[in-house]
Structures are given as structure tokens and as C-alpha cells.
Amino acid sequence: MPEPPRSPFAYAIVRVVPRIERGERFNAGMILFCRQRDFLAARVALDAGRLQALAPDVDAAAIRAYLEAVVKVAAGDPDGGPMAALPASERFGWLVAPSSTVLQPSEVHTGLSDDPARTLDQLFAELVEPVRRP
């Protein structure tokens, strides 16, 4: 049986930069776009312990709300505001545009996938979830 065709995709890591002036950051989400499969999605998770260690005065609830807004925009959810109404390619471009806010995307990376949702889960596990020690 032949392998299913793989499609190109692009992704970026969403990073929390709680105090811009210090430049410290940690990974808190993943955005993946696959035009050929009409797929755009984001997964996020805030590590409150990391946030507390870097910036104890920053409101974790506000950061969570910003992260959830990324998920809503990627999903095209009307609660995501006007950006969520744009076509998927424009939403992806907006989500991964360089910024100097408390949430910053990494550079965009590319790859090939036969299942973008599974690839998003794998990248999230590898690049965002805390490293598990044996």
C-alpha cells in the first residue's frame, strides 16, 4: 500500500516574553499552517511555574487570555476578533509576524506532513511541553 502524500506546512513557536526589557522567554504554544490541507491551528499551554520564576509580578490570567486569543484567531473563531475573520493564510501571516509584545512568535519553519493535526501535536510535545525526566 502506498504512503499517503505528504504536504508542505509551516509552523512557529509562540513564546512568552514576560519582561521585554530582559529578553527572557519560554515556549508556550505552536501554530501550524498547511495550505494544501486547509489546516491552520494553534495549541497553547502556559507553564505558570516558569512565568512565576521569570516575572512573579506578571498576571498569569492575562497571559492565558492572550494565548487563548492566538488559538481563537487560528481557528477562525468569531470570538477572536476581526483578525479571525481573515482567510487562513492571512491569519497565519498575522500570527507569525514579528512583534515586541509579551507573546512573540519564533521564526517560521517548514516541513512535510501527511497529517497536520498529528504533526501539530508532535511538535507541541517536542518543543512546548516541559521535558520529562526519567
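Colleague: Where is the place of Ser-106?
Modeller: This is a predicted model. Look past strand β4 and stop before β5. Ser-106 has its place there, in the loop between β4 and β5.

Colleague: Is Ser-106 buried or exposed?
Modeller: The relative accessible area of Ser-106 is 4%. Buried means under 20%. Because 4% falls under that cut-off, Ser-106 is buried.

Colleague: With which residues is Ser-106 in contact, leaving aside its neighbours within four places in sequence?
Modeller: Ser-106 sits in the loop between β4 and β5. Set aside the neighbours within four places in sequence. The contacts of Ser-106 are then Ala-12, Ile-13 and Arg-15.

Colleague: In which strand is the place of His-109?
Modeller: Check the residue ranges. Residues 109–113 make up one strand, and His-109 belongs to it. That strand is β5.

Colleague: Is His-109 buried or partly exposed?
Modeller: Its relative accessibility is 27%. Buried would need a value under 20%, and exposed a value over 50%. The 27% lies in between, so His-109 is partly exposed.

Colleague: What separates the C-alpha atoms of His-109 and Ala-12?
Modeller: Along the chain, these two residues are 97 residues apart. In space, His-109 is also in contact with Phe-9, Ala-10 and Tyr-11. The C-alpha atoms of His-109 and Ala-12 are separated by 6.3 Å.

Colleague: Which residue's side chain does a polar contact of 3.3 Å join to that of His-109?
Modeller: The cut-off for a polar contact is 3.5 Å. The pair here is joined at 3.3 Å. The partner of His-109 is Glu-107.

Colleague: How many salt bridges does the structure hold?
Modeller: Side chains of opposite charge can pair when their charged atoms come close. One example joins Arg-22 and Glu-24. Another joins Arg-50 and Asp-47. The structure's count of salt bridges is six.

Colleague: What is the N to O value for the salt bridge of Arg-22 and Glu-24?
Modeller: Arg-22 is partly exposed at 48% relative accessibility. Glu-24 is partly exposed too, at 26%. Their side chains meet in a salt bridge, N to O, at 2.9 Å.

Colleague: How far apart are the closest N and O atoms of Arg-50 and Asp-47?
Modeller: Arg-50 is partly exposed, with a relative accessible area of 33%. Asp-47 is partly exposed as well, with 24%. A salt bridge needs the atoms within 4 Å. In this pair, the closest N and O atoms are apart by 3.4 Å.

Colleague: Which residues are linked in a network of salt bridges?
Modeller: Start with Asp-114, partly exposed at 25% relative accessibility. Asp-114 forms a salt bridge with Arg-118, with the closest N and O atoms 3.1 Å apart. Arg-118 is partly exposed, at 40%. With one further residue included, the network links Asp-114, Asp-115 and Arg-118.

Colleague: Which element gives the most to the lining of the largest pocket?
Modeller: The largest pocket holds about 290 Å³ of space. At least two lining residues come from each of α2 (60–75), α3 (88–95) and β4 (103–105). With four residues, the top contributor is α2.

Colleague: How many nonpolar, polar and charged residues are in the lining of the largest pocket?
Modeller: The lining has 15 residues. Nearest the centre lie Val-70, Trp-94, Leu-95, Thr-101 and Leu-103. The lining divides into twelve nonpolar, three polar and no charged.

Definitions and conventions:
Residues numbered from 1 in each chain as written. Predicted model: local features only at pLDDT ≥ 70, side-chain atom pairs only at ≥ 80, totals over all residues. Heavy atoms only, no water. Buried < 20%, exposed > 50% of the residue type's maximum accessible area, 1.4 Å probe, protein only. 1 Å grid on protein atoms, 1.4 Å probe; cavity = no way out; pocket = protein on both sides within 12 Å on 5 of 7 lines; lining within 4 Å. Points joined across faces, edges and corners; volume = space filled by probe spheres on them. Nonpolar A, V, L, I, M, F, W, Y, C, P; charged D, E, K, R; others polar. Contact = heavy atoms within 4.5 Å. Polar contact = N/O pair within 3.5 Å; in protein donor to acceptor, adjacent residues only side chain to side chain.
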